[in-house]
Amino acid sequence: MKQCFFAVDLGATSGRTILGTFTPEGLEMEDVNRFPNHLIETGGHFYWDIYELYRHIIEGLKIVAQKKDVEITSIGIDTWGVDFVCVGKDGGFLRQPYSYRDPHTAGAPEAFFKKVARKQVYEWTGIQVMNFNSLFQLDTLRRNNDSALAAADKLLFIPDALSYMLTGEMVTEYTIASTAQLVNANTRKPEDALLRELGLTESNFGRFVYPGEKIGTLTKEVQRMTGLGDIPVIAVAGHDTASAVASVPAMNPDFAYLSSGTWSLMGVETKGPVITEETESLNFTNEGGVDGTIRLLKNICGMWLLERCRAAWGQTSYPELIAEANASEPFRSLINPDDVLFANPADMEQAIQTFCSDSHQPVPQTRGEIVRCIFESLALRYRQVLDNLRTLSPHPIETLHVIGGGSRNELLNRWTANAVGIPVVAGPSEATAIGNIMIQALAAGTAKDIASMRQLINRSISLETFYPEDTDVWDAAYLHFKQVTMNH
């Protein structure tokens with residue numbers, strides 16, 4: 001009988017469930033089911049379908065229950081950050097959760113800062129200001145007299161809401177809560193003064209738990225539906241980036257990571273929060289990590305740019321687009337990937353062309369030119385953020401570990417190494433699921449600590465290292481990038 005860990009890994013565009021097993025050779029992983037995660041647009045708002053996600057998780061558990069040689073040790077769920085479900089006094093969900101891409105939070109930070117100074121909010125939380133942070137979502141709902149929030153007894157972040165559907169237990173997991181901009185970075189608990197401004201108290205949240213703690217076991221209902229027993233559900237690092245960073249296969253602490261997917265998140269691991277005037281002005285964030293660490297990082301727009309273009313191009317294959325990009329003229333047009341223009345445009349290709357036109361650059365016309373523009377701009381933006389990180393990090397940065405789906409993008413990895421001027425180690429691409437499984441293994445006593453798990457991953461997964469080339473050309477391009485993005 002194989003002892004397996006069941007990981008649920010949900011991203012903003014798709015989700016999957018995975019079985020992980022530790023063998024003498026290392027970690028083996030097997031996909032159970034994959035499924036899309038669609039936004040629902042209705043009545044001028046964007047929602048997530050939490051019931052559909054739950055249904056897919058139940059399907060995955062049913063599939064595993066049929067496997068004769070598998071015994072599930074535990075289950076863990078990670079998802080994207082900030083979004084939450086309002087739960088009524090009777091334990092029922094009051095509405096499908098809003099998506100962070102909903103436009104209702106436009107201008108929300110400014111409205112909140114009239115009540116509590118921006119500087120004070122940052123000093124407490126250390127979280128970068130983004131209009132979709134839960135703090136601003138909640139304040140917006142309150143100002144709009146939202147009926148679900150008014151009737152809510154509890155607020156559950158997405159991974160905690162799904163764990164509740166499986167176990168009947170309500171918790172608030174630290175890493176996912178830290179993304180909300182409601183947790184004090186030093187005490188690692190919700191900040192009462194912020195909750196008061198929202199008309200909330202700590203009792204409006206589930207029991208506060210940290211990665212590795214047990215949430216509960218599968219309810220009788222879920223056991224009946226799936227054919228499984230009373231399997232424990234473990235609080236992993238509920239925020240997908242926290243789970244991904246746990247799996248960075250670093251052999252020493254002098255590294256930065258780039259979690260590359262729909263979003264790119266670049267940062268370093270620190271023992272405590274780094275909250276200074278500099279981190280505030282550069283809008284760096286201090287999110288909760290595993291093992292008492294803080295993830296000092298910056299959110300950067302990632303493959304969202306390309307995903308939106310691909311959707312309009314009939315989902316052309318990545319290899320085809322990468323070949324076209326490689327054949328296009330270098331550094332012809334550059335964009336600031338984090339410009340508001342690219343947040344959620346109706347037509348991403350048009351948005352990129354508009355940026356280039358407005359900044360007096362040649363306007364990319366072909367697919368290859370568009371993709372080249374995206375990749376080069378991302379690589380140069382990574383350099384800009386890494387330069388800032390070097391000044392903020394308590395330790396030197398000798399290597400950049402690229403993890404997540406984007407680590408399979410060889411062209412972007414090569415260009416990133418050229419741009420940042422240090423070796424780039426690519427992999428694992430399944431970083432989030434691996435981190436999720438690692439924390440379950442630590443909870444089960446199968447593994448002893450994060451450092452030894454990282455070494456195991458380094459040994460058991462094939463990694464590719466890219467060394468910087470053509471640094472003079474990229475240095476010149478970086479100056480041009482800074483000029484283009486400064487004026488726009």
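This short talk covers one helix pair and one pocket in a predicted model.

Let's start with the helices. Take helix 1, residues 50-65, and helix 6, residues 158-167. Their axes come within 11 Å. The crossing angle is roughly 55 degrees. What do we call that arrangement of helix 1 and helix 6? Angles from 65 to 115 degrees count as roughly perpendicular, and those under 35 as roughly parallel. The value of roughly 55 degrees fits neither class, so the two helices are oblique to each other. As for handedness, helix 1 passes helix 6 in a right-handed crossing.

Now, who makes the contact? From helix 1 we have Ile50, Tyr51, Leu53, Tyr54, Ile57, Ile58 and Leu61. Helix 6 answers with Ile158, Ala161, Leu162, Met165 and Leu166. By class, that contact has 12 nonpolar residues, no polar ones and no charged ones.

On to the pocket. I mean the second largest one, with about 910 Å³ of space. Its lining counts 34 residues. Which of them are closest to the centre of the pocket? Those are Met130, Trp263, Asp338, Val340 and Ala343.

Next, the elements behind that lining. Two of them give two or more residues each: strand 18, at 294-301, and helix 15, at 367-392. Helix 15 supplies the largest share, with four residues.

Last, the chemistry of this second pocket's lining. There are 17 nonpolar residues, 11 polar and six charged. Set that beside the contact of helix 1 with helix 6, where no polar and no charged residues appear.

That's the tour. Over to you.

How values were computed: Residues are numbered from 1 along each chain as its sequence is written. This is a predicted model: local features need pLDDT of at least 70, side-chain atom pairs count only at pLDDT 80 or more; totals for chains, interfaces and linings use all residues. Side-chain values use heavy atoms; hydrogens and water are left out. Axes are lines fitted to C-alpha atoms, for helices over the stretch in contact, and angles run from 0 to 180 degrees between N-to-C directions. Angles under 35 degrees count as roughly parallel, over 145 as roughly antiparallel, 65 to 115 as roughly perpendicular and the rest as oblique. A crossing is left-handed if the near helix is turned anticlockwise from the far one by less than a right angle, and right-handed if clockwise. Contact means heavy atoms within 4.5 Å. Ala, Val, Leu, Ile, Met, Phe, Trp, Tyr, Cys and Pro count as nonpolar, Asp, Glu, Lys and Arg as charged, and the others, Gly among them, as polar. On a 1 Å grid over the protein atoms alone, a cavity is a set of points where a 1.4 Å probe fits but cannot get out, and a pocket is an open set with protein on both sides within 12 Å along at least five of seven lines; lining residues have an atom within 4 Å of a point. Grid points are joined across faces, edges and corners, and a volume is the space filled by probe spheres set on the points.
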